[in-house]
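Colleague: Got a minute to go through this model with me? I have a few quick things to ask.

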Amino acid sequence: MNRRILKLAVPNIISNISVPLLSMVDLAIAGHMGSLSFIGAIGVAGVIFNFIYWNFGFLRMGTTGFTAQALGARDLEEVITIMMRGILIALTISLILIILQSPILKFALIFIKVSPETQQPIIDYFYIRIWAAPCTLLLYVAKGWFIGMQNSRFPMIIAITVNVLNIAFSLLFVYGLNMGFKGIALGTVVAEYTGLLLAATLWLIYYGKLRKYYNRKSLFQLHLWVNFFKVNSDIFLRTFCLIIVFTSFTSFSARFGDTVLAVNTLLMQLFTLFSYIMDGFAYAAESLTGIFVGAKNKGSLKLAIRYIFRWGWILTTFFTLIYFIWGEEILSLFTNEQTVLEASRTYFWWVLLIPISGFAAFLWDGIYVGATASKAMRNAIFIATAAYFLFYYGFSQFMGNNALWVSLLLFLLLRGLGMRFFAPKAIYNF
């Protein structure tokens with residue numbers, strides 16, 4: 001079982017490490033452009049796009065769970081139908097986002113208060129990157145489908161390609177063509193469209209033969225759409241809670257001033273790095289849980305979950321030690337602004353508690369997604385989200401930015417505990 005988990009997890013870890021590199025590279029470039037406002041602008045712009053795209057994370061998660069279960073049941077017609085259903089939804093949503101881009105940005109800037117110096121770079125970045133919406137959402141579907149098919153290599157290849165090209169194009173546009181801050185956004189757009197082309201090519205070469213199982217009547221069967229949206233509506237609400245929490249984290253940070261906003265943006269890179277690596281095992285959990293639930297193999301499911309959590313504890317210990325020893329050196333890679341680096345020391349100790357507070361939430365998310373046990377996952381995050389806001393509003397006047405970090409840690413911890421509590425009925429009852 002360990003070998004099977006690692007075969008799925010390691011490519012996902014490599015893939016996921018490269019995903020935060022996209023925003024980290026953008027942050028590193030902005031951090032060396034000579035203005036504190038550029039650091040905050042990248043942080044806020046990233047939050048805006050997370051708010052947009054994470055709400056549609058069900059395109060990846062729902063696709064993974066349903067595809068893995070269909071594969072476990074040996075239903076190849078449903079395997080291909082799930083992918084086509086996801087493509088139709090992704091294209092529809094991306095068209096709506098492009099049409100509504102102006103009101104979306106206006107709403108975001110009302111919700112997240114920033115200084116005029118920070119606001120203009122955000123606007124420049126947004127109106128360029130929004131044109132990557134179609135390929136971003138289609139890549140969600142492609143990644144979810146590949147993982148559901150027990151194939152972690154293709155998402156890894158695509159992610160590495162996108163991020164290498166993002167670095168190259170961003171540097172070219174910013175410094176080679178003197179486009180300034182706008183070049184960062186354009187580099188991301190070009191890289192993502194190239195990634196979509198690569199994903200389509202890989203599918204045609206290695207899975208093109210599955211086209212013979214495509215059944216147009218199956219695609220438009222009402223009861224399958226109802227089941228798809230029932231599960232994905234819960235995933236949508238779960239993801240919406242995540243967005244609200246992390247968007248409010250940035251918004252609350254901005255209330256403490258540009259320096260604290262920059263500090264929290266930097267510290268969150270350490271959280272992001274840990275979360276994406278831990279999600280490598282969560283994606284493995286999605287694949288294995290889905291295929292074992294589809295095959296109705298409860299013994300293998302329990303064994304896989306036990307081994308996945310062993311790996312979770314190993315990674316938690318590793319990251320805690322890395323951040324304790326080299327945390328400040330890692331932060332210095334993102335900016336040479338000494339004011340920000342010195343201010344970050346005040347809050348750095350909260351970052352050390354992120355791995356132990358959050359690892360279970362990441363792993364249980366993968367298990368619940370694979371089992372399509374969306375209702376219990378939704379309920380657990382409702383409880384955690386309420387606790388996050390109650391603690392922040394109850395203690396922020398006394399604790400300041402420290403209250404914000406404690407609220408985040410409480411949110412992560414309660415998600416993991418809640419899903420553990422619901423697991424006997426939600427995961428194993430089949």
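Colleague: Cys-241 first. Buried or exposed?

Modeller: Cys-241 is buried, at 9% relative accessible area. Keep in mind that this is a predicted model.

Colleague: Why does 9% get that label?

Modeller: Because buried means under 20% relative accessible area, and Cys-241 has 9%.

Colleague: And Cys-135, buried or exposed?

Modeller: Buried. Cys-135 has a relative accessible area of 0%.

Colleague: How many disulfides turn up in the whole structure?

Modeller: The search finds 0.

Colleague: OK, pockets. How much space is in the largest pocket?

Modeller: About 310 Å³.

Colleague: Which residues are closest to its centre?

Modeller: Phe-51, Ile-52, Asn-55, Ile-104 and Phe-107, out of 16 that line the largest pocket.

Colleague: Which elements give two or more residues to that lining?

Modeller: Three helices do: H2 (36–54), H5 (101–111) and H11 (222–255).

Colleague: Switching to the surface. Which residues form the nonpolar patch?

Modeller: Leu-321, Phe-324, Ile-325, Trp-326 and Trp-349. Together they have about 600 Å² of accessible area.

Colleague: Which helix gives the most to the patch?

Modeller: Helix H13, residues 298–332. H13 supplies 4 residues.

Colleague: Where does Trp-349 sit, then?

Modeller: In helix H15, which spans residues 348–351.

Colleague: Is Trp-349 buried or exposed?

Modeller: Exposed. Its relative accessible area is 54%, and the cut-off for exposed is over 50%.

Methods. Residues are numbered from 1 along each chain as its sequence is written. This is a predicted model: local features need pLDDT of at least 70, side-chain atom pairs count only at pLDDT 80 or more; totals for chains, interfaces and linings use all residues. Side-chain values use heavy atoms; hydrogens and water are left out. Patches are made of residues with over 30% relative accessible area and no salt bridge: like charges are joined within 9 Å, nonpolar side chains (Val, Leu, Ile, Met, Phe, Trp, Tyr) within 5 Å. Accessible areas come from the Shrake-Rupley method with a 1.4 Å probe; for residues, only the protein chains shown count as cover. A salt bridge is a side-chain nitrogen of Lys or Arg within 4 Å of a carboxyl oxygen of Asp or Glu. Buried means under 20% relative accessible area, exposed over 50%, partly exposed in between (1.4 Å probe, protein chains only). A disulfide is a pair of cysteine sulfur atoms within 2.5 Å. On a 1 Å grid over the protein atoms alone, a cavity is a set of points where a 1.4 Å probe fits but cannot get out, and a pocket is an open set with protein on both sides within 12 Å along at least five of seven lines; lining residues have an atom within 4 Å of a point. Grid points are joined across faces, edges and corners, and a volume is the space filled by probe spheres set on the points.
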